[in-house]
Amino acid sequence: MNEILQGLAQAFWLIVSLDTELITISLRSLYVTLTALLVSTIIAFPLAALIVVTRFRFRRFVITILNALMGLPPVVVGLLVYILFSRSGPLGVLGLLYTTSAMIIAQAIIITPLITSVAHQSMQGLWADYRDLLISINTSKPQRIGTLMWDSRRALITACLAGFGRGIGEVGAIMIVGGNIDNATRVLTTAISLETSRGDFSLALALGFVLISLALSVSFATHWFGKTERGGLW
Amino acid sequence: MFPLEVSSVEINIKGKRILGPINLLLKQEGISVLLGANGSGKTTLLETLHGLRKLSKGKVRWSIPNKLAAKEQSFVFQTPVMLRRSVLENLMYPLRVRRFSKPNAIKEAMHWVKKIGLEKKIIQQATLLSGGEMQAVAVARALITKPKMLFLDEPTASLDGLAKKTIEDILVLAAKNDTKIIMSTHDLGQAKRLADDIIYLHKGLMESHCLKDEFLNSPPSDAAKQFIAGDIII
Ligand SMILES: Nc1ncnc2c1ncn2[C@@H]1O[C@H](COP(=O)(O)OP(=O)(O)OP(=O)(O)O)[C@@H](O)[C@H]1O
Ligand SMILES: [Mg+2]
């Protein structure tokens, strides 16, 4: 018990003194997840809009696949990315294993189906309202996609927040492809896991606080966006 | 673009014929009014002419290729469709789709917003307008592109006397400025005020297409006679 209290005190100190290691690891976490999120949104939003405005034969099938991909266990994604980038793997020559790039790729794979699915759902509803009008105004397909994305931007931001939450707290995949290397690929979750197993609670707790406050900010932001959406504030 | 030639058009849904066969020749001049009881097929006919419905049989032919003709048409839906944007942005939208510059689109939109008397609500979210205000916005948004052909599906159904007069004046002016208008209405008084010719639909069939006075003085059928007298048609 004493150990834990001591750890708490030290954690507090690490945070208020802006400990270099703590800051570096937190920033790396943010860098990895935000980049993964950026990649995901660039793929997910137009893809979701395209699925909404296009009638093609395997539409239902694609949507089902997407929803199934949402449930992919991160560890398995990690394993697949690992195999892909391991020295003897098909993309081994790129030398990306145990780099933040590999972690970004793994997280992007985990987040993309989630964001696509949430984005698809909200744009589907909007399309039901807009369809006749946009066809009548003689819009091109890219214009339809642009309009849907713009007019559902609040829902899309909420989708981003959900994706961020999923990415920042994820540990399985980035542990495998990143390797939790000090000063290179160590991020919040992997560091917490390591420090805990080492018994160094102070750093683990301090990192945990940072992670929790990030997660809380996300859910507050989500709540706030939900409110403005209903109020139609912007 | 004119005349519009409709030959033996039928619309069947799930094996049931809901419209047709329709043969119709529409010339450039004037306002054509579409009359008929609820469910007689007015909306279906308008949407068919505009190209929103899949033809089961027959042809809808403009004197120019349908693709070009589509750019010269606007449609005001029976239940107005508002984009989830401000009133001004709703009015700007068709112009932006047609690659007008933003300043030009704003200028035109301001001009129209004054015509419909909503200049105090330009930044309001259009989905929060009253039903009548939405209809006015829908009419203005349809006319802002100076279409050669304007379809209106009961555009003044929920408007009070003054608002109705505003819209009717706008329509008369548009018709004078080379916009062909075809509109459906349940308002016989409106038909008397606006129509040059009248198309009468009954149970999916076009019972007559003739000049207004001819229709009013010698109704083409018992159903039409009762319709004019305001009787209920079985
Ligand atoms: N998508 C559809 N599926 C099935 N039936 C349809 C469909 N669209 C129209 N109908 C039917 O076709 C008939 C004509 O409908 P339409 O909406 O054209 O009537 P309307 O003259 O516009 O009536 P109202 O005055 O009430 O607006 C109706 O009986 C309607 O139920
Ligand atoms: Mg109708």
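Where is A:Pro46 found? Let's start there, and a quick reminder before I go on: what you have in front of you is a predicted model. A:Pro46 sits in helix H2 of chain A, the stretch covering residues 20–53. Now, is that proline buried or exposed, or something in between? Its relative accessible area is 33%, so we call it partly exposed. If you leave out residues up to four places away in sequence, A:Pro46 touches A:Thr41 and A:Met149. And here's a distance you can check on screen: from the C-alpha atom of A:Pro46 to that of A:Ser117 it's 12 Å, and those two are 71 residues apart along the chain.

Staying with chain A for a second, have a look at A:Trp150. A:Arg153 lies over the face of that ring, 4.1 Å from the ring centre. Chain B has an arrangement of this kind too: B:Lys115 lies over the face of B:Trp112, at 4.4 Å from the ring centre.

Okay, on to aromatic rings that pair with each other. How many aromatic pairs does a search of the whole structure find? Over all chains, it turns up six. One I'd like you to find is B:Phe75 with B:Phe151, which is a stacked pair: 5.7 Å centre to centre, with 25 degrees between the planes. Why bother with this one? Well, B:Phe75 is in strand E5, residues 73–76, while B:Phe151 is in strand E6, residues 149–153, so the pair ties together parts of chain B that are 76 residues apart in sequence. B:Phe75 is buried, with a relative accessible area of 4%. B:Phe151 is buried as well, at 0% relative accessibility.

Another pair in chain B is B:Tyr200 with B:Phe215. The ring centres are 5.7 Å apart and the planes meet at 40 degrees, so this pair is tilted. B:Tyr200 belongs to strand E8 (residues 197–202) and B:Phe215 to helix H8 (residues 212–217), which puts them 15 residues apart. Both B:Tyr200 and B:Phe215 are buried. And going back to our phenylalanines, B:Phe75 and B:Phe151 join B:Phe77 in one aromatic cluster.

Next up, the metal. Which residues are the protein donors of the magnesium ion, ligand 2? They're B:Thr43, through OG1, and B:Gln78, through OE1, lying 1.9 to 2.3 Å from the ion. B:Thr43 is in helix H1 (residues 42–50) and B:Gln78 is in the loop between E5 and helix H3 (87–97), so these donors tie together parts of chain B that are 35 residues apart in sequence. As for accessibility, B:Thr43 is partly exposed at 22%, and B:Gln78 is partly exposed at 35%.

Last topic: where the chains meet. People often describe the size of an interface by the accessible area lost when the parts come together. Here, about 1700 Å² is buried between chain A and chain B, and carbon and sulfur atoms give 51% of that. On the chain A side, A:Leu133, A:Ser136 and A:Ile137 lose the most area to chain B, together 31% of what that side buries. Counting contacts, 17 residues of chain A meet 19 residues of chain B. How many salt bridges cross this interface? The rule finds two. One to look up is A:Asp151 with B:Arg85, where the closest N and O atoms are 2.6 Å apart.

That's my tour, thanks for listening!

Technical notes: Residues are numbered from 1 along each chain as its sequence is written. Chains are lettered from A and ligands numbered from 1 in the order in which they are written. This is a predicted model: local features need pLDDT of at least 70, side-chain atom pairs count only at pLDDT 80 or more; totals for chains, interfaces and linings use all residues. Side-chain values use heavy atoms; hydrogens and water are left out. Rings of Phe, Tyr and Trp (its six-membered ring) pair if their centres lie within 6.5 Å; planes under 30 degrees apart count as stacked, over 60 as edge-to-face and the rest as tilted. Helices (H or I, at least four residues) and strands (E, at least two) are DSSP runs, numbered from the N terminus. Buried means under 20% relative accessible area, exposed over 50%, partly exposed in between (1.4 Å probe, protein chains only). A charge sits over a ring if NZ of Lys or CZ of Arg is within 6 Å of the ring centre and within 35 degrees of the ring normal. Donors are N, O and S atoms within 2.8 Å of the metal (3.2 Å for Na, K and Ca); water is not among the atoms, so sites may look incomplete. Contact means heavy atoms within 4.5 Å. Buried area is the accessible area (1.4 Å probe) that two parts lose on being put together, summed over both. A salt bridge is a side-chain nitrogen of Lys or Arg within 4 Å of a carboxyl oxygen of Asp or Glu.
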